[in-house]
Structures are given as C-alpha cells and as structure tokens.
Amino acid sequence: MGGQFNAHDFSSFASSRRSTRDFLPNPVADELIERIIADGLTSPSWSNTRPFVVAVAKGDVRDRLSIEFLKRFELLKSAQGEGIFGKIKALFRRKGLPTSNWLVIRPYHKDLIPRSRRIGKELYSHMGIEREDKKARDEFWARNYEFFGAPVELFLFTHKSLGKFAASDAGLFMQNLMLSAHSQGLGTCAQGAVAVWEDAVRKEFKISKNYSLLCGICVGYPSEGKINQFGANRITPSEIILPEKNNDR
Ligand SMILES: Cc1cc2nc3c(=O)[nH]c(=O)nc-3n(C[C@H](O)[C@H](O)[C@H](O)COP(=O)(O)O)c2cc1C
C-alpha cells in the first residue's frame, strides 16, 4: 500500500500514505490501537484541551454498527437524487434521517465542486465503474458501511464548545494517528460517510452530550485489492498559496 517509503524522509513517508478502502480480516492488536491513539495525542492542541473523544468499535459492536448502517443505507438507496448527498437529502425529507451532521447534506460550494467531482470521477474510473451505473456506484459506496472490511472502526467526537478549533484539533490528532498506523503497516480511511447516523453510535458507547460525531476512521491491514492502488491527485502548493495584494496593483 502506497509503495516503498523511508520513515527518515518525511516527504516520502507522508506522501506514501493513501486512504485504504479494502482490508484483510486479520485482527488488529489492542496494544496497536492504543499505540496509534497515543501517537495521535502527540499533536498540538488548543490550550492543550484535547477537545475530542474516540469510540473504538471492534468485534460485536463493530459488526452491529455495520449491520445497522447497511440497513439504513438500504433505505437511502430507495431515495431519489443524484449522488450520495442527493440521496441523503431525499431521505432526510421523507424519513427523518440522517440523525446528525446535517452539513453533509448540503451541496458543495462552487469553489470546491471541481475538486470533489475530480476525485469521484477518477476513483470510479479506476474501478471501472460507469457514471450511469447507479447499482455499481451504490455497491461501491455501501462498502463504507462495512468499514471496507476493516476489523476496527474509530468514531471521533469533538467538543461542541470549541467549534472549528475542536475540529482542527481532531484533524491534527487524526493525521498523526493515520501516519502512526501507516508506519506500523496498517491502513486507514477517514469516513464522513458514517457521520450521518450518530444516534446508532451513541447506542453502543457512553458519550457525553457535549460531544458530537465528526467522522469515522477505519483501521486494519490493507489487502492487495485494486482499490488500494488508487492514488488520489494531490494539488500543488501554488493552488492554495494566496497572492499578496500588492501584486495586483
Ligand atoms: C474528514 C474526511 C472524511 C472522509 N470521508 C470519506 C468517506 O466517507 N469515504 C471514503 O471513501 N473516503 C473518505 N475520505 C477520504 C478522502 O476521499 C481522501 O482522503 C482523499 O481523496 C485524498 O486521498 P488520500 O487519503 O488517499 O491521500 C475522507 C477524508 C476525510 C479527511
């Protein structure tokens, strides 16, 4: 997964991490999960508050959540609309779902649409899925709810009081955790797809009302599957570095 890397060369190490979307059934040792969480906690944090908590779903809990998510996704499939968010929107109106993170039902802002379309197009094309093939696209998306076969799913919750700074801290944590997992031969994939049914996760864990679900992260050993050979495009620094106002004069 991600080819060769040299952990002493940060650029090659960081760039060799790729989202893993197919896992072997091999279990991940509890100590390893604790280790990557500990590495995650070496990230910087707003006033060192660490305004996030993690639910570790494995074994029966993981399986129950996967079954529940797949059941709910079956309902989504019956809804009309273009793309997953169109479906979620339709179901939201008709059935009162999703139960959380309503932001994801909004269409992307036009600033972001080209990038979002590009990843969708390239990923489907890599897998040989035609844009018009709704059944294949649904099956592909449904793999999110099997956690892509990963034996462990982490659910990351952020403290509501700190808003975007809690999400920022959680993101820093998440990236350290993912790189740590990568250094251990584990694969990961962040999953916004599982953030729409927070109530299902709350049924399985003791979670304070002060926290809300940000996303899931699946963790396990990558398979040799074709999907894991996919390399999402990476934009260049010039695409995000702002020009100085003086240069416009
Ligand atoms: C917060 C967050 C949520 C994501 N949600 C999903 C998801 O639900 N399903 C999925 O397949 N990938 C998901 N991704 C993975 C992105 O698609 C991926 O990181 C991006 O395409 C860049 O590819 P790379 O991780 O291989 O570098 C998510 C990533 C982030 C950071």
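**A tour from the ligand outward**

Start at the ligand: sorted by class, its shell holds six nonpolar, four polar and two charged residues. Here Ala, Val, Leu, Ile, Met, Phe, Trp, Tyr, Cys and Pro count as nonpolar, Asp, Glu, Lys and Arg as charged, and the others, Gly among them, as polar. Keep in mind that this is a predicted model: local features need pLDDT of at least 70, side-chain atom pairs count only at pLDDT 80 or more, and totals for chains, interfaces and linings use all residues. Numbering runs from 1 along each chain as its sequence is written.

To see the shell, select Arg 18, Ser 19, Arg 21, Ile 119, Asn 144, Cys 189, Ala 190, Gln 191, Gly 192, Ala 193, Cys 215 and Ala 232. A residue makes the list if its C-beta atom, placed from the backbone, lies within 6 Å of the ligand.

Which strand gives the most to this shell? Select residues 187-191: that's β3, with three residues there. Four of the five residues in β3 are buried (20 or more other C-beta atoms within 10 Å of their own, all placed from the backbone).

Next, add β4, residues 211-220, which runs antiparallel to β3 and is joined to it by five bridges. (Strands pair if DSSP finds at least two bridges between them.) For one of these links, click Thr 188 and look across to Val 219 in β4, its bridge partner.

Now zoom out. Color by secondary structure and you'll have eight helices and four strands, both being DSSP runs numbered from the N terminus (helices H or I, at least four residues; strands E, at least two). Along the sequence they read α-α-β-α-α-α-α-β-α-β-α-β. Of the 249 residues in the protein, 27% are buried.

Terms used
A residue is buried if 20 or more other C-beta atoms lie within 10 Å of its own, exposed if 12 or fewer, and partly exposed in between; C-beta atoms are placed from the backbone.
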